[in-house]
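Work through the following exercises with the sequence and the structure side by side, and try each task before reading its solution.

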Amino acid sequence: MQHGIVRKFIGAISLLTLLSVLILNFFVGIKLKDYFEQQTSERLRSNARLVSSLLEQPLIEKDFEGIREKIPAIASTLSERITIIDSGGTVVAESERNTGQLDNHFMRLEVTRARESGIGESNRMSDTLGKSMKYVAVAVMSDGTPQGYVRLALPIEDIEDQVQVIYRTVLTGGLVAVVLVLIIGAFITRSIITPITEMTEVAEAISKGDFSKRLKVKSSDELGVLARSLNLMADELRQTISNLKSMDKTRTDFVANVSHELKTPLTSIRGFIETLEDGALEDKANARRFLSIIKKHTNALTNITNDLLKLTELESAETRLEMNPFDMKDLVGEVVSGFSYAAKQKGQTIRVEFRGGDEEGFLLYADRPRIEQVLVNLIDNAIKYSPEGSRIKIISERLKYNVKVSVEDNGTGIPDEHTHRVFERFYRVDKARSRAVGGTGLGLAIVKHTVLLHRGEVYITSNLGMGTTVTFTLPIN
Ligand SMILES: Nc1ncnc2c1ncn2[C@@H]1O[C@H](COP(=O)(O)OP(=O)(O)OP(=O)(O)O)[C@@H](O)[C@H]1O
Ligand SMILES: [Mg+2]
């Protein structure tokens, strides 16, 4: 591609230069030829007048011998051919030939013109010298009749030679210009083409999925701007592709996790149903036990499905929160009493504490059922992941613009390397243990999404073996 453009560009400007030189030469040539001819004509005319005034007297007196003596000196001084013709057309003196060799000049064009108007000019082949000449003849008059003619001549070739010299000089100059144009043109095109070639390479690399190549931005002109845009585009594409890849990974992981979570209880349920079909149905006591296991797994399936539905709903863009005013104090109280049975089972105590809000209370605008779910998930975790007899504390604090709630337990805690991941879907620190207590790893994901949808914040702090605190804030309005 590079050479294609360079060749076309340089070819075009060279051709243009050459063409301009030729056109220039053509017109200059015409003009110069005119000019030189006119110069020559004027020179011949004034010299012819000069010579005719010098020889007027001897011509009238027909002192041809005297004239012949003077002619060579005058001709060499003027560097022009001189011919003296008598009134009858006979050549009486001539600077370049013997007069005897010459025929009658009475009808020569310049002579007939001089006879008519005193001075005559013509361009024609010289019979005598065999080359193109410019002639000027002046009639020497006496008593109104021509007494003879003084004729001066110069070869036209001389004019043409002069024009040719200039013509050649201009042409040489033109060719030098073309060579210069070639060199400078090659340099300029290369400086334009090289960045374009580099850009093409980067663009091609991008089209093949390689986003690593970048251009050096060397100038601030259009090419520099283009290079910068190309670099920016590569950056953005790389970012977008990597986002898409991670989104895709999240999606596949999610599908794999869901399938796995569903498969475990389903396999178990099918196993017990088959056992029942194979005769266990007759054994009333065992049959009842199997059915209760089936029921437990079915409940687990229902829970997973419900949690997934909640998550999907929270994530879908259309989710509108049903914002209503309610008192956080009431809500915490309700949820805690809902857990009193479960806590009692494990010999745990739940303590509820409210700080601040003496005047304003804990009134806030939020989606009550969804915040209830948040509290349920957090208290459920605190109970599940704490040993028997432990204590759970729920502290609600009224701040200037927020209500802050933390659920604190002194249970198993979470190893540091896991704390930042527990909000991910299906993420469980100890899969087997969580599953044993009925956990699928969706609870905290729902908490996070709900709080973020409310423009609040959520964070977790935990010490292994000491306990865990999950805190969330909600804006009051
Ligand atoms: N209070 C806590 N103490 C110790 N570990 C916790 C606590 N809360 C959460 N975890 C850890 O974080 C993981 C994720 O919690 P999350 O509530 O999202 O899921 P889950 O409780 O396993 O299942 P689900 O809540 O969906 O029934 C848990 O499996 C557990 O390992
Ligand atoms: Mg949970």
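**Exercise 1.** Determine which helices each supply at least two residues of the lining of the second largest pocket, and which of them gives the most.

*Solution.* In this predicted model, the helices that each supply at least two lining residues are helix 5 and helix 11. Of the lining, helix 5 gives the most, with six residues. The pocket itself has a volume of about 400 Å³, and among its 19 lining residues those closest to the centre are Thr250, Arg421, Phe423, Glu424 and Arg425. Sorting the lining by class then gives six nonpolar, five polar and eight charged residues.

**Exercise 2.** Describe the largest pocket by its volume, by the residues closest to its centre and by the classes of its lining residues.

*Solution.* Begin with the space in the largest pocket, which is about 1400 Å³. Next, take the 49 residues that line this pocket, of which Lys384, Tyr385, Gly438, Gly439 and Thr440 are the closest to its centre. The largest share of the lining, nine residues, comes from helix 6. Finally, divide the lining by class, which yields 21 nonpolar, 17 polar and eleven charged residues.

**Exercise 3.** Check the span of helix 7 against the expected value, and find where helix 7 bends.

*Solution.* Helix 7 covers residues 328-345, and because each residue should add 1.5 Å, its 18 residues should span 26 Å, which agrees with the 26 Å between its end C-alpha atoms. Helix 7 nevertheless bends by about 45 degrees at phenylalanine 339, and Phe339 is one of its buried residues.

Definitions and conventions. Residues are numbered from 1 along each chain as its sequence is written. Chains are lettered from A and ligands numbered from 1 in the order in which they are written. This is a predicted model: local features need pLDDT of at least 70, side-chain atom pairs count only at pLDDT 80 or more; totals for chains, interfaces and linings use all residues. Side-chain values use heavy atoms; hydrogens and water are left out. Helices (H or I, at least four residues) and strands (E, at least two) are DSSP runs, numbered from the N terminus. The expected span of a helix is 1.5 Å times one less than its number of residues. The bend at a residue is the angle between axes fitted to the seven residues ending there and the seven starting there. Buried means under 20% relative accessible area, exposed over 50%, partly exposed in between (1.4 Å probe, protein chains only). On a 1 Å grid over the protein atoms alone, a cavity is a set of points where a 1.4 Å probe fits but cannot get out, and a pocket is an open set with protein on both sides within 12 Å along at least five of seven lines; lining residues have an atom within 4 Å of a point. Grid points are joined across faces, edges and corners, and a volume is the space filled by probe spheres set on the points. Ala, Val, Leu, Ile, Met, Phe, Trp, Tyr, Cys and Pro count as nonpolar, Asp, Glu, Lys and Arg as charged, and the others, Gly among them, as polar.
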